[in-house]
Each structure stands twice: as structure tokens, then as C-alpha cells.
Amino acid sequence: MKRLIFNTSDFIKSDAVERRVEKFEGDIGYSSNIAVNLKVIKISDDKVYVSGAVEGYIEMECARCLSIYRHPVELYIETDMDFLNGEVDMAEEIRQRLILEIPSKPLCDQDCLGICPECGKHNKEKDRCSCQSRQSEDFSRYRWESLFGKNKK
Ligand SMILES: [Zn+2]
Ligand SMILES: [Zn+2]
């Protein structure tokens, strides 16, 4: 796991350090593309104040259709952190917060209804295949023909 370290020597020139990480590796989901923008201000010899944004996406498996989709994440951080052996590692802090952002039942789309076992269509609430209804239509036509078809001819 990647670390995101600020150590006491970073604050010799200035009490405020800004850092942008384009590809934060959080070991979350299948893969992720997350940018981290942090401003870290030294507020005492053993404390920093961290603020900033974490944005991007995490690749997750949809609980209904099992497809891999990009789950967007966007969170803002404002927290005090203590120096530990002269450093502050923000990676674990960010990872923990990202885990809280992930739903226990991730969905590629709120309307996802899963994959139809008959036709393989990815059904949505407003766009579903007609397998179920066609089945019942076929069934009623079949019954109609078998009951009255022969008499008509
Ligand atoms: Zn889905
Ligand atoms: Zn279908």
C-alpha cells in the first residue's frame, strides 16, 4: 500500500504544505483513479491540521448485474493529525474514509435490475426486456388457438 507522508522536515520553510497526488492508491475495489489535494498546516510541534479534497472513482462490482462499474467518490477532509515518529501518513486516513463512502450493496445504476437470464439484456427500471410479458403473451395466444383455433377453420 502506498503511503502519503508529511514529515517534520517538510515544514522547515513554511508552516503550510500543499500536495497533489494524481493517482492515489487506496487498495480499494478492483482498481481506482483517485486524486488527492491536501493542504497541511503545522499547528504545533506534534500536530498538523489537514484539509483538502479526495475525488475520483473506484471500480466496483454491481450487486445486481455483477458488472464492474466506476463508483464516483468525492469527499472533503478537515482533521487534526498527530506526528508519529516525526511523520504524518495520510494514506490510511484517506483509505478509511473511502471505505465508508462505499455502499454495502454497490449498484452500477440506482435503476439496475440485473441481467435477464433469457435474453441477457441489462435491465433497468425504465428499460426492461419483454421476456416476462412476451412469455405470458405467447402462453395466452397458445391457449386461445388450442381452444378456438380449430373451430374457426
Ligand atoms: Zn448493475
Ligand atoms: Zn430478457
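Along the sequence, the elements of this chain are arranged as β-β-β-β-β-β-α-β-β-α. That gives 8 strands and 2 helices. I should state at the outset that this is a predicted model.

Let me turn to how the chain is packed. Of its 153 residues, 13% count as buried. If we take the contacts between residues at least 6 apart in sequence, 52% of them join residues at least 24 apart.

Next, the nonpolar core. Which residues have the most contacts inside the largest nonpolar core? They are I34, V36, V54, V73 and I94, in a core of 15 residues. At least two residues of this core come from each of β3, spanning 32–44, β4, spanning 47–61, and α1, spanning 90–101. The element that gives the most is β4, with 4 residues.

I would like to dwell on V73, one of the core residues just named. Setting aside its neighbours within four places in sequence, V73 contacts I34 and V54, and also E55, G56, Y57 and I58. The contacts of V73 further include L98 and E101. Two of these partners, I34 and V54, are themselves listed with V73 among the residues with the most contacts inside the core.

Finally, the hairpin that follows α1 in the order of elements. How do strands β7 and β8 run, parallel or antiparallel? Strand β7, residues 112–115, and strand β8, residues 122–124, run antiparallel and are joined by 3 bridges. In one of the pairings, C112 has K124 of β8 as its bridge partner. Between the two strands of this hairpin lie 6 residues, and G120 there adopts a positive phi near 80°.

Technical notes. Residues are numbered from 1 along each chain as its sequence is written. Chains are lettered from A and ligands numbered from 1 in the order in which they are written. This is a predicted model: local features need pLDDT of at least 70, side-chain atom pairs count only at pLDDT 80 or more; totals for chains, interfaces and linings use all residues. A residue is buried if 20 or more other C-beta atoms lie within 10 Å of its own, exposed if 12 or fewer, and partly exposed in between; C-beta atoms are placed from the backbone. Two residues are in contact if their C-beta atoms, placed from the backbone, lie within 7 Å. A nonpolar core is a set of buried Ala, Val, Leu, Ile, Met, Phe, Trp, Tyr and Cys residues joined through C-beta atoms within 7 Å. Two strands pair if DSSP finds at least two bridges between them.
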